[in-house]
Amino acid sequence: MKIRSILFATLAFMSVAWLNIPSTAMAANAIEKSPSTTEMKPLDAASVSVGEVKKIDKEAGKITIKHGPLTNLDMPPMTMVFRVKDPAMLDQVKVGDKINFIAEKANGALTVMQMQASE
Ligand SMILES: [Cu+2]
């Protein structure tokens, strides 16, 4: 009886340890692999829109884009102001650039989540 409970405790401890180790390792891995905000990753093709930069307002963190249809937002082509997820994104483009970008509704405001000069 005593041996049995020791065995059970050992098994319980081992399974807890086994469960803990992988999750910790995965968390460390995720931190290591998370891209920096300035690093460009490939845009998700399904929600990419095209546009042309008309105006950049770094202080406000806003960009005016003459955009084509935004299929993911069900929006026709127009020129409008977007917020940007990270003001540093505004250093990567200039007025007149043709861009590929992904816009999403974030906190009620249309926000450019990713952006790349397209040519
Ligand atoms: Cu629009």
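These legends go with a set of close-up views of one predicted protein model.

Because this is a prediction, local features need pLDDT of at least 70 and side-chain atom pairs count only at pLDDT 80 or more, while totals for chains, interfaces and linings use all residues. Residues are numbered from 1 along each chain as its sequence is written.

**View 1. The whole chain has one helix and five strands.** Walk along the sequence and you meet the pattern α-β-β-β-β-β. Helices here are DSSP runs of H or I with at least four residues, strands are runs of E with at least two, and both are numbered from the N terminus. Of the 119 residues, 16% are buried. "Buried" means that 20 or more other C-beta atoms lie within 10 Å of a residue's own; 12 or fewer makes a residue exposed, anything in between is partly exposed, and the C-beta atoms are placed from the backbone.

**View 2. Five strands close into a barrel.** Going around, the order is β1-β2-β3-β5-β4, with mixed pairing. Neighbouring strands of this sheet are turned by 55° against each other on average, ignoring direction; the axes are lines fitted to C-alpha atoms, and angles run from 0 to 180 degrees between N-to-C directions. Two strands count as paired if DSSP finds at least two bridges between them.

**View 3. Strands β1 and β2 form a hairpin.** β1 (residues 49-57) runs antiparallel to β2, and six bridges join them. Look for G51, which stands opposite H67 in β2. Four residues sit between the two strands, and in this hairpin G61 takes a positive phi near 70°.

**View 4. Strand β2 shows its two faces.** In a regular strand the side chains alternate between the two faces of the sheet. Here I63, I65 and H67 point to one face and are buried, whereas K62, T64 and K66 point to the other and are not. On its way, β2 also pairs with β3, antiparallel and through six bridges. K62 stands opposite R83 in β3, and K66 stands opposite T79 in β3.

**View 5. Strands β3 and β5 pair in the parallel sense.** β3 covers residues 78-84, β5 covers residues 109-117, and two bridges link them. R83, already met across from K62, also stands opposite T111 in β5.

**View 6. The largest nonpolar core has 15 residues.** A nonpolar core is a set of buried Ala, Val, Leu, Ile, Met, Phe, Trp, Tyr and Cys residues joined through C-beta atoms within 7 Å. I63, F82, V84, F101, A103, V112 and M115 have the most contacts inside this one. β2 (62-67), β3, β4 (98-106) and β5 each supply at least two residues, and β4 gives the most, with four. Zoom in on F101: skipping residues up to four places away in sequence, F101 touches S49, G51, V112, Q114 and M115. Contact means that two C-beta atoms, placed from the backbone, lie within 7 Å.

**View 7. I102 lies in strand β4.** Why does I102 count as buried? I102 is buried because 20 other C-beta atoms lie within 10 Å. Leaving aside neighbours within four places in sequence, I102 is in contact with L43, D44, S47, V48, M113 and Q114. I102 and N72 are 30 residues apart in sequence, yet 8.8 Å apart in space, C-alpha to C-alpha.
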